[in-house]
Amino acid sequence: MIATGVVTSAPAQAAPAKPTITAKGGFVWNNANSKALYTKAADTKRSTGSTTKIMTAKVVLSQKNLNLNAKVTVSKAYSDYIVKNQASHAGLIVGDKVTVRQLLYGLMLPSGCDAAYALADKFGTGSTRAARVKSFIGKMNSTAKSLGMTNTKFDSFDGISNGSNYSTPRDLTKLASNALKNSTFKSIVGTKTTKQKVTTKSGGYRYYTWNNTNTLLGWKGTFGVKTGSGAQAKYCLVFAATRNGKTVVGTVLTSTNATTRTADVKKLMDYGFATL
């Protein structure tokens with residue numbers, strides 16, 4: 001006799017195993033509802049390197065009546081700063097007139113500290129360059145506060161710290177998620193390479209070609225966001241990807257090298273999507 005009323009169901013799929021990453025800190029969330037999908041020391045303050053530049057771009061793009069085509073003349077101070085700090089740069093040439101939009105590309109693709117300096121000088125307020133830079137960094141910190149980044153402090157416009165420039169994987173993920181709501185930001189960080197025409201001091205023109213330091217772009221739906229590295233920061237990456245209409249955003253901080261950083265992020269992305 002066959003039993004009635006017995007319902008058979010497919011066996012439950014085993015939950016994916018939580019990955020082990022080399023990075024000291026990691027975080028991933030579902031961008032649709034800000035639900036955490038993975039955490040590792042997600043609220044521990046660490047040096048952020050050039051992932052700081054996400055906030056630099058966010059502050060610029062938040063300016064009222066922003067004119068992305070406004071031109072900025074490259075100052076010798078910006079190139080001197082690069083030389084002094086042996087910093088990553090966009091190769092800006094003194095006297096060139098570069099638009100704000102172009103500076104944002106120079107900031108986010110080759111991770112130009114010269115472009116960061118130019119933007120801080122342009123969008124800070126004050127009668128001296130030092131005052132304007134200080135004002136701009138103040139805007140970075142007030143923006144962090146407004147976004148609920150409770151474990152973050154900026155003391156530089158580019159991540160070259162003066163001793164107290166730090167954030168956490170969770171805070172940087174919050175920042176990136178917010179910044180990606182801006183179509184200009186999203187378009188820039190998703191660009192692998194760009195060629196930009198600028199006006200020279202003599203009234204002629206030249207081209208800058210910038211390649212994105214984020215080699216993960218395009219891998220399984222990856223469309224951002226920003227690499228970071230440094231003596232203290234080691235290797236960092238704030239990332240975002242969309243698969244099957246769903247988006248995850250996350251951060252790894254203090255990975256050991258560029259190879260392990262990439263491996264860490266791939267693991268976290270795959271895990272994040274598997275747990276959605």
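Axes here are lines fitted to C-alpha atoms, for helices over the stretch in contact, and the angles between their N-to-C directions run from 0 to 180 degrees. With that in mind, and remembering that this is a predicted model, the tour can begin at a pair of helices.

**First stop: H1 and H5**

Select helix H1, residues 53-61, together with helix H5, residues 129-146. The axes of these two helices come within 10 Å and cross at roughly 95°. Because angles of 65 to 115 degrees count as roughly perpendicular, H1 is described as roughly perpendicular to H5. To see where they meet, show the side chains of Met55, Thr56, Lys58, Val59 and Val60 in H1, which contact Phe136, Lys139, Met140, Thr143 and Ala144 in H5. Colouring this contact by residue class gives 6 nonpolar, 2 polar and 2 charged residues.

**Second stop: the second largest pocket**

Keep H5 on display and add helix H2, residues 76-85, since these are the elements that give two or more residues to the lining of the second largest pocket. The space in this pocket is about 190 Å³, and its lining includes Tyr81, Asn85, Val133, Ile137 and Ile160. Also in the lining are Tyr117, Asp155, Ser156, Phe157, Asp158 and Asn162. By class, the lining divides into 6 nonpolar, 3 polar and 2 charged residues.

**Third stop: the largest pocket**

Ile160, one of the residues lining the second largest pocket, also leads to the largest pocket, where Ile160 is among the residues that lie nearest the centre, together with Gly49, Ser50, Ser229 and Gly230. About 430 Å³ of space lies in the largest pocket, and 25 residues line it. Which strand should be selected to show the largest share of this lining? The strand is S9, which contributes 5 residues. The lining as a whole divides into 6 nonpolar, 16 polar and 3 charged residues.

**Fourth stop: the sheet**

From S9, widen the selection to the open sheet of 5 strands, which run in the order S2-S1-S11-S10-S9 with antiparallel pairing. Strand S2 (35-40) and strand S9 (222-230) are the edge strands, each pairing on one side only. Averaged over the sheet, neighbouring strands are turned by 10° against each other, direction ignored. Within the sheet, strand S1 (residues 25-30) and strand S11 (residues 246-255) run antiparallel and are joined by 6 bridges; to find one of these partnerships, select Phe27, whose bridge partner in S11 is Thr251.

Next, add helix H6 (residues 169-179), which packs on the sheet and touches S1, S2, S9, strand S10 (234-243) and S11, its direction making about 140° with that of S11. Helix H8 (residues 258-275) packs on the sheet as well, touching S1, S2, S9, S10 and S11, and its direction makes about 30° with that of S10.

**Fifth stop: the cavity**

The count of cavities of 30 Å³ or more comes to 1, and the largest cavity has a volume of about 40 Å³. To locate the largest cavity, select the lining residues Thr213, Asn214, Thr215, Leu216, Thr227, Leu237, Arg261 and Thr262, which divide into 2 nonpolar, 5 polar and 1 charged.

**Last stop: Thr209**

Finish at Thr209, which lies in strand S8, residues 205-211. Not counting residues up to four places away in sequence, Thr209 touches Thr193, Thr194 and Lys195. Drawing a distance from Thr209 to Ser34 gives 36 Å, C-alpha to C-alpha, for two residues that are 175 residues apart in sequence.

Note on methods: Residues are numbered from 1 along each chain as its sequence is written. This is a predicted model: local features need pLDDT of at least 70, side-chain atom pairs count only at pLDDT 80 or more; totals for chains, interfaces and linings use all residues. Side-chain values use heavy atoms; hydrogens and water are left out. Two strands pair if DSSP finds at least two bridges between them. Helices (H or I, at least four residues) and strands (E, at least two) are DSSP runs, numbered from the N terminus. Contact means heavy atoms within 4.5 Å. On a 1 Å grid over the protein atoms alone, a cavity is a set of points where a 1.4 Å probe fits but cannot get out, and a pocket is an open set with protein on both sides within 12 Å along at least five of seven lines; lining residues have an atom within 4 Å of a point. Grid points are joined across faces, edges and corners, and a volume is the space filled by probe spheres set on the points. Ala, Val, Leu, Ile, Met, Phe, Trp, Tyr, Cys and Pro count as nonpolar, Asp, Glu, Lys and Arg as charged, and the others, Gly among them, as polar. Angles under 35 degrees count as roughly parallel, over 145 as roughly antiparallel, 65 to 115 as roughly perpendicular and the rest as oblique.
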